[in-house]
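I opened a new model today and wanted notes on its overall build and its charged side chains. I set down here what I looked up, in order.

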Amino acid sequence: MTAAEWLRHNAGEIADLTAWHLWLSILPLLIGLLVALPLGRLAHRSRRLYPMLVALAGLVYTVPSLALFILLPKLLGTRILDPVNVVIALSVYTAALLVRVVADGLAAVPADVIQSAHAMGYRSHQRLIRIELPIAVPVIAAGLRVAAVSNVSIVSMAALLGVPQLGSLFTQGFQLHFFTPIVTGVVLSLVIALVLDGLILLAGHSLTPWQPRRSAR
């Protein structure tokens, strides 16, 4: 079977695997961000907790993904083929990666800006939402871009457990000694990573219209 014939015969399956891969990459990114925001703020507000939280997050991020995929079903009581395991594992990795990013982004907010907001009567949560987080967006967006690309890569490891996504094409191609599925999976993974990276970049720009933009030449 030629590469073109294989692509034509498996177009539906490839589309399904791409959709699963995209979903399993994006959902943990959103969950991880929601978890990292309060933890990062806590680390920023407490110089005593900062090193402990950052060190713990770094330690969690070093846990091998395949080991975490295997351990989670035992801890959660889920089936090993359940995509929930992948979502939770990647959410943990995303949060671990972003805790320090959020803390450092909030630390980059100028002290005089915070003092001015306080003098204007902003309460702590109002100052966070209206002043601190918007200013910290470029730093947080940069961390999100790294996390997004990382998630797209790590998701493929779940193919070893039978969870459907583009990594399934890698194992299929390896078993059949046929390179077309492998190349297809790699190319589509790169496309997903580039699309997510571009969307986060655009979102960061739209949320910070006051930031200077490079003029086109």
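The entries below go from the whole chain to single pairs of side chains.

**Entry 1, the model.** I note first that this is a predicted model.

**Entry 2, helices and strands.** I looked up the secondary structure and found nine helices and zero strands in the chain. Read from the N terminus, the order is α-α-α-α-α-α-α-α-α.

**Entry 3, extent and surface.** I took the span of the C-alpha trace along its principal axes, which is about 70 × 50 × 20 Å. The accessible surface of the chain is about 12400 Å². Carbon and sulfur atoms hold 70% of that surface. The chain has 217 residues, and 41% of them count as buried.

**Entry 4, contacts.** I looked at contacts between residues at least 6 apart in sequence. In this set, 74% join residues at least 24 apart.

**Entry 5, charges.** I counted 15 positive and 8 negative side chains. The centres of the two sets lie 14 Å apart. How many salt bridges does the chain have? The count comes to three, and I went through them in turn.

**Entry 6, R100 and D104.** These two side chains form a salt bridge, with N to O at 3.6 Å. Both residues sit in helix α5 (residues 83-107). They are four residues apart, about one turn of the helix. Is the pair buried or exposed? D104 has 32% relative accessibility and so counts as partly exposed. R100 is also partly exposed, because its relative accessibility is 45%.

**Entry 7, R127 and E132.** I found the closest N and O atoms of this salt bridge 3.5 Å apart. The cut-off for buried is under 20% relative accessible area. R127 counts as buried because its relative accessibility is 12%. E132 has 5% and therefore counts as buried.

**Entry 8, R145 and D197.** The side chains of R145 and D197 meet in a salt bridge at 2.7 Å, N to O. Which parts of the chain does this pair link? R145 lies in helix α7 (residues 124-155) and D197 in helix α9 (residues 179-207). The two residues are 52 apart, and the pair links distant parts of the chain. R145 has 28% relative accessibility, so I list R145 as partly exposed. D197 has 18% and so counts as buried.

Terms used. Residues numbered from 1 in each chain as written. Predicted model: local features only at pLDDT ≥ 70, side-chain atom pairs only at ≥ 80, totals over all residues. Heavy atoms only, no water. Buried < 20%, exposed > 50% of the residue type's maximum accessible area, 1.4 Å probe, protein only. Contact = heavy atoms within 4.5 Å. Areas by Shrake-Rupley, 256 points an atom, 1.4 Å probe, with all protein chains shown as cover. Lys, Arg positive; Asp, Glu negative; His and termini not counted. Charge placed at Lys NZ, Arg CZ, Asp CG, Glu CD. Salt bridge = Lys/Arg side-chain N within 4 Å of Asp/Glu carboxyl O.
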